[in-house]
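This report describes the fold and packing of a single protein chain, moving from its overall make-up to its strands, its core and its last helix. The sequence and the structure are shown first.

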Amino acid sequence: FAEFADTFGFIMPAGMNKAKGIRKFCELFSIATEDSVAFGDNYNDLEMLYAAGCGILMGNAPVAILETFPGKVTLDNNHDGIPVALKDLGLI
C-alpha cells in the first residue's frame with residue numbers, strides 16, 4: 001500500500017473541498033467552526049485544516065507538508081495519532 005501513496009488521486013465535484021465540507025457539517029450540527037477539530041494527512045486536507053478551529057496534521061503526512069505546516073502535528077496513523085492529540089487537547 002505504501003508504495004502507491006504518491007499515485008493516489010482524489011475526485012471531488014467542481015468547486016468542492018474539505019473546508020466547505022467541515023463548514024457545512026458544523027452548520028448542520030450547530031457547531032461553531034472555530035470549535036471544530038480536524039485531522040488530515042495529505043495535500044487535499046490542507047484547506048480543511050486551516051478552516052477548522054484546530055487543524056491537526058498527522059505525522060504520516062508528506063515531508064513537504066510536515067516541514068511547512070504552522071499548526072499542530074500529532075503521531076502517525078499507525079501510532080494512535082488522533083487519540084493522542086485528543087488527549088493533549090483535553091477532549092478525551
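## Basis and overall make-up

Helices, here H or I runs of at least four residues, and strands, E runs of at least two, are DSSP runs numbered from the N terminus. The model is predicted, and its secondary structure comes to 4 helices and 3 strands, which follow one another along the sequence in the pattern α-β-α-β-α-β-α.

Of the 92 residues in the protein, 28% are buried. The protein exposes about 6300 Å², of which carbon and sulfur atoms supply 58%. Among the contacts with a separation of 6 or more, those between residues 24 or more positions apart account for 21%.

## The β1 and β2 pair

Strands β1 and β2 pair in the parallel sense, with 4 bridges between them, and within this pairing A38 stands opposite G55 of β2. The connection from β1 to β2 passes through helix α2, residues 46-51, and this β-α-β crossover is right-handed.

The two faces of β1 are not alike in their cover: A38 and G40 lie on the covered face, whereas V37 and F39 lie on the uncovered one.

## The nonpolar core

The largest nonpolar core has 12 residues, namely A19, I22, C26, A38, M48, L49, A51, A52, L57, A61, I65 and F69. The elements that contribute two or more residues to this core are α1, residues 18-28, and α2. A38, already met on the covered face of β1, is thus also a member of the core.

F69, another of the core residues, is in contact with L46, L49, Y50, G55 and L57 when its neighbours within four places in sequence are left aside. Two of these partners, L49 and L57, are listed in the core as well, while G55 is the residue that A38 faces across the strand pair.

## Helix α4 and the residue after it

Which residues of helix α4 are buried? In this helix, which spans residues 81-88, they are G81, A85 and L86. They cover an arc of only 130° around the axis, and therefore lie on the same side of α4. The buried residues of α4 pack against β1 (37-40) and β2 (54-57), the two strands that pair in the parallel sense.

Just after α4, G90 takes a positive phi of about 75°.

Technical notes: Residues are numbered from 1 along each chain as its sequence is written. This is a predicted model: local features need pLDDT of at least 70, side-chain atom pairs count only at pLDDT 80 or more; totals for chains, interfaces and linings use all residues. Side-chain values use heavy atoms; hydrogens and water are left out. Buried means under 20% relative accessible area, exposed over 50%, partly exposed in between (1.4 Å probe, protein chains only). The arc is that of the directions from the helix axis to the C-beta atoms. Contact means heavy atoms within 4.5 Å. Two strands pair if DSSP finds at least two bridges between them. A crossover is right-handed if, with the strands pointing away from the viewer, the path from the first strand over the helix to the second runs clockwise. Accessible areas come from the Shrake-Rupley method with a 1.4 Å probe; for residues, only the protein chains shown count as cover. A nonpolar core is a set of buried Ala, Val, Leu, Ile, Met, Phe, Trp, Tyr and Cys residues joined through side-chain atoms within 4.5 Å.
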